[in-house]
There are 2 protein chains.
Amino acid sequence: MDGDLKGLGPDGSISFKNLCFAVIGLGVIGGSLAKALRRLGAGRIIGLDRDEATLQAAKEQGLLDEALSAPGPSLKAADVVICAIYPEAVRTFIGSNAVWFKEDALLTDVTGIKGTLPYDIQAALPAGMEFIAGHPMAGREAKGLAMSSEQIFWGANYIIVPTPSNSEGAKAWLHSFAKALGCKHTVEIDPEEHDEIIAYVSQLTHVTAVALMDSPSYNENTRYFIAGSFRDGTRVADINPELWCDLFLSNREKLAAEVEKYIEQLQAWHKALAAGDGEAMKAMMRLAGERRRGLNSDKV
Amino acid sequence: MDGDLKGLGPDGSISFKNLCFAVIGLGVIGGSLAKALRRLGAGRIIGLDRDEATLQAAKEQGLLDEALSAPGPSLKAADVVICAIYPEAVRTFIGSNAVWFKEDALLTDVTGIKGTLPYDIQAALPAGMEFIAGHPMAGREAKGLAMSSEQIFWGANYIIVPTPSNSEGAKAWLHSFAKALGCKHTVEIDPEEHDEIIAYVSQLTHVTAVALMDSPSYNENTRYFIAGSFRDGTRVADINPELWCDLFLSNREKLAAEVEKYIEQLQAWHKALAAGDGEAMKAMMRLAGERRRGLNSDKV
């Protein structure tokens with residue numbers, strides 16, 4: 001992507017009207033992207049989904065110029081290909097279909113755990129095509145096109161996860177694209193650190209909620225005592241076991257490390273309680289309070 | 001309280017107009033009680049608070065028939081004395097002032113951890129006076145009379161914490177009183193089990209939030225990745241260290257036991273992650289999901 005900047009002008013804005021996009025997967029994120037691209041005036045939008053009813057609905061909503069139920073030569077028109085499908089599916093899709101992509105296509109994804117994906121995909125692409133990983137910190141608890149909305153991007157952060165082989169142009173393009181979607185902040189981070197942070201900030205917090213609900217202390221009387229702290233702390237305890245099992249396993253070493261660090265924090269509490277060490281408890285609460293207030297006032 | 005049922009009629013309703021109440025402490029709970037008692041048509045409301053400005057404000061709002069800044073003979077008029085002050089203050093206040101109470105006064109409190117309080121207080125009272133412990137599962141994050149509202153009781157649960165020495169009459173009266181306040185459900189539980197449940201449902205959930213914020217993984221980049229699960233899981237991480245340290249220490253053995261059980265849950269996760277045991281993870285998520293859905297649909 002050294003010469004052609006995919007519509008990115010010197011002022012940092014993208015000329016959407018001259019670009020053709022292919023959105024692979026029209027779920028909640030893919031559908032939201034198609035809606036945003038339509039609003040942004042994209043020259044052409046190709047949508048691909050295995051589900052015929054989804055394709056039909058997307059067409060009826062005027063989101064697509066072309067609807068595909070399988071990869072094929074039409075994809076050659078796409079300057080930018082956005083894969084809004086599950087992590088392993090991204091690997092398979094791009095690995096098997098590079099033959100259908102434009103010779104200098106820019107490819108990106110929206111998956112929440114990266115692992116070696118960005119390296120593997122770039123290695124599998126012909127010279128001239130570039131893959132740059134990223135994702136919005138956005139989503140919906142429910143899934144599917146019907147739940148999609150371009151508003152999910154508004155004010156969200158967009159994470160760009162480049163590797164050393166990514167061009168400056170591709171990075172600049174993804175920053176501008178995220179801002180055009182309505183995202184408030186963009187941040188660049190390498191895949192390794194990305195997955196570490198996700199392990200802590202998202203995966204661990206789902207594990208802690210599940211673990212709270214699973215305590216052997218939970219009994220028939222519990223419900224009479226439940227107030228805000230328990231409701232908040234377990235709000236994400238009811239998750240899709242199949243999906244989250246895959247997400248956890250795909251990042252299991254990093255998540256295990258976070259669980260370990262968290263156990264250490266709890267052991268410090270246990271020790272302070274056993275010793276009646278109020279000063280130690282207060283120090284832990286003061287640090288947490290300071291950080292949490294910083295979060296509240298955070299403008300990012 | 002065997003003969004006089006403090007206005008409790010055979011139909012389970014309380015005749016408030018014939019009763020004199022003393023509310024000790026006009027903070028968020030005490031103030032809310034005074035407001036509710038006024039609406040319920042209490043015959044007389046005496047309010048006691050050490051803070052003159054609070055007393056003045058309560059009088060101006062028409063909540064009190066008599067305002068006291070210290071205990072004295074006026075308290076003799078009170079059929080029911082409700083202590084809405086900190087746990088240790090309840091012990092001291094009742095222990096030092098029984099001389100001012102009506103000879104057959106009914107006393108109660110609203111403190112969230114009971115310990116040996118119900119036993120100690122009853123033992124310190126002259127024969128004829130009865131203390132029955134309880135509290136609403138209600139409150140506000142902010143404190144003080146200005147934040148009080150009788151609406152905090154509406155739809156809340158009220159926990160009654162009797163000991164074997166409490167009379168049936170006192171228990172029945174407190175059930176009716178809670179319902180009159182607008183509480184939806186009342187539940188009776190002994191002090192030991194009460195404090196165990198609070199250790200799990202309230203205290204542990206504050207510790208888990210603090211521990212999440214205190215992870216050494218928290219860094220400058222964390223904030224860009226924060227979404228609902230982290231915000232929810234740390235919502236109560238910013239608490240008053242002095243107050244909560246006292247609450248934790250007053251129940252430290254039971255809280256330490258809950259922290260231990262919670263660590264065991266997390267160790268099960270760590271083991272499953274290390275072994276790549278997806279079935280174990282899914283089983284933990286299924287149990288949590290089932291319980292959490294039960295909580296959502298719970299009508300209590």
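**One helix face and some ring pairs**

Biologist: Which residues of α3(A) are exposed?
Modeller: The model is predicted. Exposed means over 50% relative accessible area. On the side of α3(A) away from its buried residues, that holds for Glu88(A) and Thr92(A).

Biologist: Which residues of helix α3 of chain A are buried?
Modeller: The helix spans residues 87–97. Its buried residues are Val90(A), Phe93(A), Ile94(A) and Asn97(A).

Biologist: Why do the buried residues of α3(A) line one face of the helix?
Modeller: Look down the axis of α3(A). What covers the buried residues there includes β1, β2 and α4 of chain A. The buried residues line one face because they fall within an arc of 90 degrees.

Biologist: How many aromatic pairs does the structure hold over all chains?
Modeller: One of them joins Tyr262(A) and Tyr262(B). The count over all chains is 19.

Biologist: What is the geometry of the pair formed by Tyr262(A) and Tyr262(B)?
Modeller: This pair crosses between chains, from helix α10 of chain A to helix α10 of chain B. Tyr262(A) is buried at 1% relative accessible area, and Tyr262(B) is buried at 1%. The centres are 6.3 Å apart and the planes at 80 degrees. Over 60 degrees counts as edge-to-face, so the pair is edge-to-face.

Biologist: Why is the pair of Trp173(B) and Phe177(B) stacked?
Modeller: Both lie in helix α5 of chain B, 4 residues apart, about one turn. Both are buried. Their ring centres are 4.9 Å apart. Planes under 30 degrees apart count as stacked, and the pair is stacked because its planes are at 15 degrees.

How values were computed. Residues are numbered from 1 along each chain as its sequence is written. Chains are lettered from A and ligands numbered from 1 in the order in which they are written. This is a predicted model: local features need pLDDT of at least 70, side-chain atom pairs count only at pLDDT 80 or more; totals for chains, interfaces and linings use all residues. Side-chain values use heavy atoms; hydrogens and water are left out. Buried means under 20% relative accessible area, exposed over 50%, partly exposed in between (1.4 Å probe, protein chains only). Helices (H or I, at least four residues) and strands (E, at least two) are DSSP runs, numbered from the N terminus. The arc is that of the directions from the helix axis to the C-beta atoms. Contact means heavy atoms within 4.5 Å. Rings of Phe, Tyr and Trp (its six-membered ring) pair if their centres lie within 6.5 Å; planes under 30 degrees apart count as stacked, over 60 as edge-to-face and the rest as tilted.
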